[in-house]
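Student: I am new to this structure. Could you take one part and walk me through it closely?

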Amino acid sequence: MIQQATRTPLAPQDLLKQGFALLNQGRPQEAARLCQQVIAQNPRIPQAHFLVGLVALSLRDRLTAVHAFGSVTQLQPDHAAAWAQLAKLFIEEGQVNRADQALKEAEKHGSSDPLVQDLLGTVYTRMGDHARAKVQFEQAVAGASEHPQYSLNLANNRVYHGDIAEAEGLYQSVLNRIPNHAQAHWALASARKATDRQHLEAMQAVLQQPNISERSRAFLHYAVGKECEDLKDWDGAIDAFMAGAKARRATVAYDEVAEQAMFDFLAEHCTEQWLADGQGSDHRAPIFVLGQPRTGTTLIERIITSHSDVSSAGELQQFGMSLRRLNNHQDPRRFSAELFAASMALDFKQVGDSYMNATKRLQGGTPRFVDKLPVNYLLIPFILKAFPNAKIVHLTRDPMDACFASFKQLFADAYLHSYDQAEMARHHSRYLKLMALYRERFAGRFFDISYEATAQDLEPNARALIGYLELPWQDACLNFHQQSGAVSTASAAQVREPAHTRSIGRWKKYQQQLQPMLQTLSNENIAI
């Protein structure tokens, strides 16, 4: 009788090698099965749990990723890469203190791996510490200069610091290696003002290539539109913006019905009586600057933070994250009627204290700090309940200028309503009506400031703003453009110049092509 040869099981290290290869090939489910085999053989192999974490990241299973990388650090406390991954996960969840602790562990144990250095730079960027981010990004590029994302991250850091020439060189280095790199084209176009059509024509040539993804098309069209505007080619600009918006809209899932339900909930339940019940935090440090994106929030923040008593904390997610954390709310949507319903009965002193604790790392060394997250306008009642003494500054802007400014901007993963003219206009109508209701119910509790009025006549508006904040006047607030600090918003390349009026009424150059937006606002009884 012939005995069949038995197959020798692969050793854990061979299985892991296969697993990493499968993940790199875009086959995370198969990699996950190999992870399970390895952990079944030996649950104390750190690299097996690290691979689980990477697989979970590729599958967008953040909870599993946190547990997996946490297991790595328990089994191998000096695993810098696992600490770096945890730091990034924590900062993305608004858990700044946990991110900071993970950062310290990653740096303590050190790593020469450019991936780890780039991760640390990304976390420092999210924390607003662009100086430390620069060091990490420079190390990553030095170790792997051929990696495009590392160069892009360092270039973006240089833009934040106002070092535009250096940033241009880095963007160009990426394009020299990868001429059709859509994100690099977009970043280069965003960083400086075009003076000729050379780069514009190069991008248009890339757009003619077959098999360009919708995401890449969006980057390229928005970049073309921006450079056409620089060159006062208005027809080319609006054609590109419309093409970019169409491409971007095809890649996102905007749920307008859910948004309407969220606005309806806020209007019905955030009443004066609800606000009066309970007790909030006594903290007076935060200043919230909010409104629609691209309406001048960065300008106003720069005026305020030119004051010696105020620091910029950046665009913080922590207030909304505090609501989520205290509710143990798992819905992946950032804001929803369900989140707000769950938040109504929270202890708002605890909300305020949670926010202050979560932002401690970001507040700076001054008595006051600015949280400049535009979409916090949704949370005005919750902010007032958590911080009865809060100072809230709300930007107002002409509806068509505001809508068009968002429509022509390619955002990351926010403002999904902004890629269709009618959707943008209906969203803006909901926003205006909600703010009118808040203004009526919470009279005197927040300060409206006009972008147009401030840009046209800076000093009286700046003085009124600083007066509302109960700060002594300082002439530095008129020279905000001379600040040397980094700026990490869509306006980063523009804020180092004095207030200007170039964008006021810009939409009128495109009036014919913007009829869907204009007509929708008219249908919503919004005065233009």
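Tutor: What follows is a close look at the region around Ala402, and then at the nonpolar cores.

This is a predicted model. The mean pLDDT of the chain is 93, and 96% of its residues reach 70 or more. Residues 1-6 fall below 50, and that stretch makes 0 contacts beyond near neighbours in sequence. Where pLDDT is low, the predicted coordinates should not be read in detail.

Start with Ala402. Helix H22, residues 399-407, holds Ala402. Is Ala402 buried or exposed? Ala402 has a relative accessible area of 2%, so it counts as buried, the cut-off being under 20%. Which residues does Ala402 touch, leaving out those up to four places away in sequence? They are Thr295, Arg397 and His428. Take His428. It sits 26 residues from Ala402 along the chain, yet the two C-alpha atoms are separated by 8.5 Å.

Now follow the chain out of H22. The loop between H22 and helix H23 (421-441) contains Tyr415. Tyr415 is not a glycine, but its phi is positive, near 55 degrees. Tyr415 is buried because its relative accessibility, 16%, is under the 20% cut-off. Set Asn525 beside it. Asn525 lies in the segment after helix H26 (515-523). Asn525 also has a positive phi without being a glycine, at about 60 degrees. Its relative accessible area is 71%, so Asn525 is exposed, the cut-off being over 50%.

Next, the strands. S4 covers residues 391-396, and it pairs with S5 in the parallel sense over 4 bridges. Thr396 has Ser450 in S5 as its bridge partner. S5 covers residues 447-450, and its side chains alternate. Phe447 and Ile449 point to one face and are buried. Asp448 and Ser450 point to the other face and are not buried.

Ile449 leads to the cores. In soluble globular proteins, nonpolar side chains tend to be buried together. The largest nonpolar core here has 140 residues. Helix H5, residues 80-92, gives the largest share of this core, 9 residues. Ile449 belongs elsewhere, to a second, separate core of 23 residues. Ile303, Val370 and Ile466 are also among the members of that second core.

Finish in the largest core. Which residues have the most contacts inside it? They are Phe319 and Phe382. Phe319 touches Phe382 itself. Beyond residues up to four places away, the other partners of Phe319 are Phe288, Val351, Tyr355, Leu379, Ile383, Ala386 and Phe387.

Note on methods. Residues numbered from 1 in each chain as written. Predicted model: local features only at pLDDT ≥ 70, side-chain atom pairs only at ≥ 80, totals over all residues. Heavy atoms only, no water. Core = buried A, V, L, I, M, F, W, Y, C linked by side-chain atoms within 4.5 Å. Buried < 20%, exposed > 50% of the residue type's maximum accessible area, 1.4 Å probe, protein only. Helix = DSSP H or I, 4+ residues; strand = E, 2+ residues; numbered from the N terminus. Contact = heavy atoms within 4.5 Å. Pairing = 2+ DSSP bridges. pLDDT = per-residue confidence, 0-100.
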